[in-house]
Amino acid sequence: MREALLARAEAVLEEWVRSRGESPTAETREGFRLLALHRQGACGVPSFNACRETCREIAYHFNLLGTAASAAQRQHRERMMAMLVEHLALFVRGKLEVAGLGEFCCSSRTLRLQSDADERSGSASHA
């Protein structure tokens, strides 16, 4: 299960890297290709660092699932890793649609205001 979840997370970041016209790296960072893919994907896109900790948590849970644990602990860890992978997928999918997604604080307000303005102008032209 842990290998499949890690592979899914890597596939998500590969999609992001390819969308930028690059070839996904085969390198590893701290023993994980996932972290190398994140580093590659964040190069020149500071807002992509918003998912850095999610990638690190996925790597952490991958390692946790490699240790001895009760069935209940293992099940909980698998669920948590699956949720983190889904969180990463949602972020990247959103980032592919909205370039500024992941920018923090006041800069996100600008995105909301622009999105609201786009919606108003789009709905006005349909009237």
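Two aromatic rings of Phe, Tyr or Trp, the last taken by its six-membered ring, count as a pair if their centres lie within 6.5 Å. In this predicted model, a search of the whole structure turns up three such aromatic pairs.

One of these pairs joins tryptophan 16 and phenylalanine 48. Their ring centres are 4.8 Å apart and their planes meet at 5°, so the pair is stacked, given that planes under 30 degrees apart fall into that class. The two partners come from distant parts of the chain: tryptophan 16 belongs to helix H1, whereas phenylalanine 48 lies in the loop between helix H2 (33–42) and helix H3 (52–64), 32 residues apart. Tryptophan 16 has 7% relative accessibility and therefore counts as buried. Phenylalanine 48, at 0% relative accessibility, counts as buried too. Together with Phe91, Trp16 and Phe48 form one aromatic cluster.

A second arrangement is found between phenylalanine 32 and phenylalanine 62. Here the ring centres are 5.7 Å apart and the planes stand at 90°, so this pair is edge-to-face. Again, distant parts of the chain are linked, with phenylalanine 32 in the loop between H1 and H2 and phenylalanine 62 in helix H3, 30 residues apart. Both phenylalanine 32 and phenylalanine 62 are buried. Phenylalanine 62 has a charged neighbour as well: the charged end of arginine 2 sits over its ring, 3.9 Å from the centre.

Arginine 2 also takes part in the contact between two helices, H1 and H4. The axes of helix H1 (residues 2–19) and helix H4 (residues 71–97) come within 10 Å and cross at roughly 10°. Because of this angle, H1 is roughly parallel to H4. On the H1 side, the residues in contact include Arg2, Leu5, Leu6, Val12 and Trp16; on the H4 side, Met81, Val85, Leu88 and Val92 are among them. Sorted by class, the contact comprises 13 nonpolar, one polar and six charged residues. Trp16 thus appears twice in this account, in the aromatic cluster and in the contact of H1 with H4.

Finally, the view can be widened to the whole fold. The protein chain has five helices and zero strands, and from the N terminus on its elements run α-α-α-α-α. Of the 127 residues in the chain, 36% are buried. Among contacts between residues at least 6 apart in sequence, 54% join residues at least 24 apart. The pair of tryptophan 16 and phenylalanine 48, 32 residues apart, shows what a link between distant parts of the chain looks like.

Terms used. Residues numbered from 1 in each chain as written. Predicted model: local features only at pLDDT ≥ 70, side-chain atom pairs only at ≥ 80, totals over all residues. Heavy atoms only, no water. Axes fitted to C-alpha atoms, helices over the stretch in contact; angles between N-to-C directions. Helix = DSSP H or I, 4+ residues; strand = E, 2+ residues; numbered from the N terminus. Parallel < 35°, antiparallel > 145°, perpendicular 65-115°, else oblique. Contact = heavy atoms within 4.5 Å. Nonpolar A, V, L, I, M, F, W, Y, C, P; charged D, E, K, R; others polar. Phe/Tyr/Trp six-rings, centres within 6.5 Å; stacked < 30°, edge-to-face > 60°. Buried < 20%, exposed > 50% of the residue type's maximum accessible area, 1.4 Å probe, protein only. Lys NZ or Arg CZ within 6 Å of the ring centre and 35° of its normal.
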